[in-house]
Amino acid sequence: MDVPLFKERISRLRERLREKGVDCIWIVQPENRRYLSGFRATDLQLTESSGSLLINEHDSLLLTDSRYTEEASREAVGFAVKTIQNGIVKGLAGLLPDLGTRRLGFEKDYVTWGIHQELEKTLGELSPPVELVPLDGIVEEMREVKDADEIAALQASADLLSAVMGEIIDFLEPGLTERAVAWKVEELAREGGAEDLAFPSIVASGPNSALPHAVPTDRRLEQGDAVVLDLGVKLNGYCSDMTRTVFLGTPSPVLKKIYRTVREAQAAAIREIRPGLETTFVDGIARNFIKKAGFGDHFGHGLGHGVGLATHEGPRLGPRKPAVLKEGMVVTVEPGIYLPGEGGVRLEEMVLLTAGGARILTRDSHFYDW
Ligand code: ZN
Ligand code: ZN
C-alpha cells in the first residue's frame, strides 16, 4: 500500500474541509472510502455499510464492525480502526465530542433519510451539539483528476478489457444467445485476473442493438445482425469501459451508414478533446456531426463520462452542465445512433487527457471502413 499517496489525498481533503468551514467529515460512499483509505471492502446494500471514515484536521479514523476490523487494519494504513458495536449513530455520538467536532460534513447523496433523522436528533443533544453540514461531491471532485498510480491501474484494466474484447469478437457466431456471449465475457474477464465486471455486460444483437442499455436475452445471433458489445472489467479496484459494434455478415445499407457516422463522430471528438476545453463543447463536436448526417434525434445520451474506481464518475460529457476538462482526467468517448426496430451502433473508447491531447487507453482495431 502506497502510504504517501493516501497521506497526500487526506491533506488535500483537509484543505477542502477548511474551505467548506467544517471541522470533520464523515465519508460513507464506498469508492470515496477506498480512494482515501485503501480499504477495499464493498457494501452489500445501501443500509449495510462495511465501514466509514471520520477525518478532521489531525485524525483519520475508520469506523467498522467486528466483521471487518481485521481487514480494515491491514488495508487502511494510516487510519486508526474503531470497532463500532451499537450502530453508527451511537458510534459517532461517542467519538465526535472527543474529536472536538462542532460542524460535521456528510455526503448528502449517500446518507439515507432515516440515518440523517436519527443523527440530527442524537448529535443535537450532545453538549456542545454537533451540527450536520451536507456536502456535495467533495471527494468525487478530487477523484476526477487521476494521479500516476491511477493512470497505470486504469491502463492495466483497459488492457485486460481490450484482450477480452478481441477474444469475444472472434467468439461471436450465428446461433449463440446473447446470454451465452455475456457469460463468456465474464469467464474471460475472471480468467484474466479481474475481480469483477465493472458493470453487467451489454450484448445487444439485431433489433436489441437499438436499446442503449439492453440486458442480454435468449435471442440467438443471426446473420446480418449488428451486435453491440459494451463491456467493462474491474481490476485492482479500477474500472474499464469499452464498446464495439460487430456485424455478422453484411449489414443493411442503413446500418452501414450509421456505423460510418458514429465512427467519424467519435474520431472527430477524440481528435479535438484536450485539457482546457469545456465538456459541452466536446459533446457538441460529435453531436453536431451526427445531427448533420440526419440522425440527431437518435443520439439520446451524453458523449461520455469519467472512469476510475467507479465506471461512471465525473466529469460527464453531455450537452448540458459545462465543466472544464483537465490534464489527467480519464473519460470515455462513446457516440451512438439507435434506430428503433432497425438496430443501433455505439463505439466507445477510454481516453486519457494529456497536455498534447487524448491518449486512447483501450486497444482493439476491430473497425469497418465502409
Ligand atoms: Zn460502456
Ligand atoms: Zn461508458
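How far apart are the zinc ion (ligand 1) and the zinc ion (ligand 2), and which residue coordinates both? The two ions lie 3.1 Å apart, and the shared residue is D241. This is a predicted model.

## Zinc ion (ligand 1)

The zinc ion (ligand 1) takes its protein donors from D230 (OD), listed twice, D241 (OD) and E348 (OE), at 2.0 to 2.5 Å. Angles among these four donor atoms run from 56 to 150 degrees, and the site is irregular. Along the sequence, the donor residues follow the spacing D-x10-D-x106-E. D241 sits in the loop between β11 (238–239) and β12 (242–247), while E348 sits in the loop between β17 and β18, so this pair ties together parts of the chain that are 107 residues apart in sequence.

D241 has a relative accessible area of 3% and is therefore buried. E348, with a relative accessible area of 0%, is buried as well.

## Zinc ion (ligand 2)

Four residues coordinate the zinc ion (ligand 2): D241 through OD, H305 through NE2, and E334 and E348 through OE, at 2.1 to 2.2 Å. The arrangement counts as irregular because the four donor atoms subtend angles of 80 to 156 degrees. A tetrahedral site would need all angles between 85 and 135 degrees. The donor residues of this ion are spaced D-x63-H-x28-E-x13-E in sequence.

E334 belongs to the loop between β15 (330–333) and β16 (336–339), and E348 to the loop between β17 (343–346) and β18 (349–354), so the two tie together parts 14 residues apart in sequence. E334 and E348 are both buried.

## Salt bridges between elements

Side chains of opposite charge can pair when their charged atoms come close. The model has 27 salt bridges. One of them joins R18 to E57, with 2.7 Å between the closest N and O atoms. The two residues come from distant parts of the chain, 39 residues apart: R18 is in helix α1 (residues 3–20), and E57 is in the loop between β2 (52–56) and β3 (60–64). R18 counts as partly exposed because its relative accessibility is 48%. E57 is also partly exposed, at 37% relative accessible area.

R33 and D43 form another salt bridge, in which the closest N and O atoms are 3.0 Å apart. Helix α2 (residues 30–37) carries R33, and the loop between α2 and β2 carries D43, so the pair ties together parts ten residues apart in sequence. R33 is buried at 0% relative accessibility, whereas D43 is partly exposed at 23%.

## A salt bridge within helix α10

Is the arginine of the pair R287 and D283 buried or exposed? R287 has a relative accessible area of 16%, so this residue is buried; the cut-off for buried is under 20%. D283 is buried too, at 1% relative accessibility.

The side chains of R287 and D283 meet in a salt bridge at 2.7 Å, N to O. Both residues lie in helix α10 (residues 279–292), where a separation of four residues is about one turn of the helix.

## A salt-bridge network

Which residues are linked with R9 in a network of salt bridges? The network consists of R9 together with D147 and E150.

Methods
Residues are numbered from 1 along each chain as its sequence is written. Chains are lettered from A and ligands numbered from 1 in the order in which they are written. This is a predicted model: local features need pLDDT of at least 70, side-chain atom pairs count only at pLDDT 80 or more; totals for chains, interfaces and linings use all residues. Side-chain values use heavy atoms; hydrogens and water are left out. Donors are N, O and S atoms within 2.8 Å of the metal (3.2 Å for Na, K and Ca); water is not among the atoms, so sites may look incomplete. Four donors count as tetrahedral if all angles lie between 85 and 135 degrees; four count as square planar and six as octahedral if opposite donors are over 155 degrees apart and all others between 65 and 115; anything else is irregular. Buried means under 20% relative accessible area, exposed over 50%, partly exposed in between (1.4 Å probe, protein chains only). A salt bridge is a side-chain nitrogen of Lys or Arg within 4 Å of a carboxyl oxygen of Asp or Glu.
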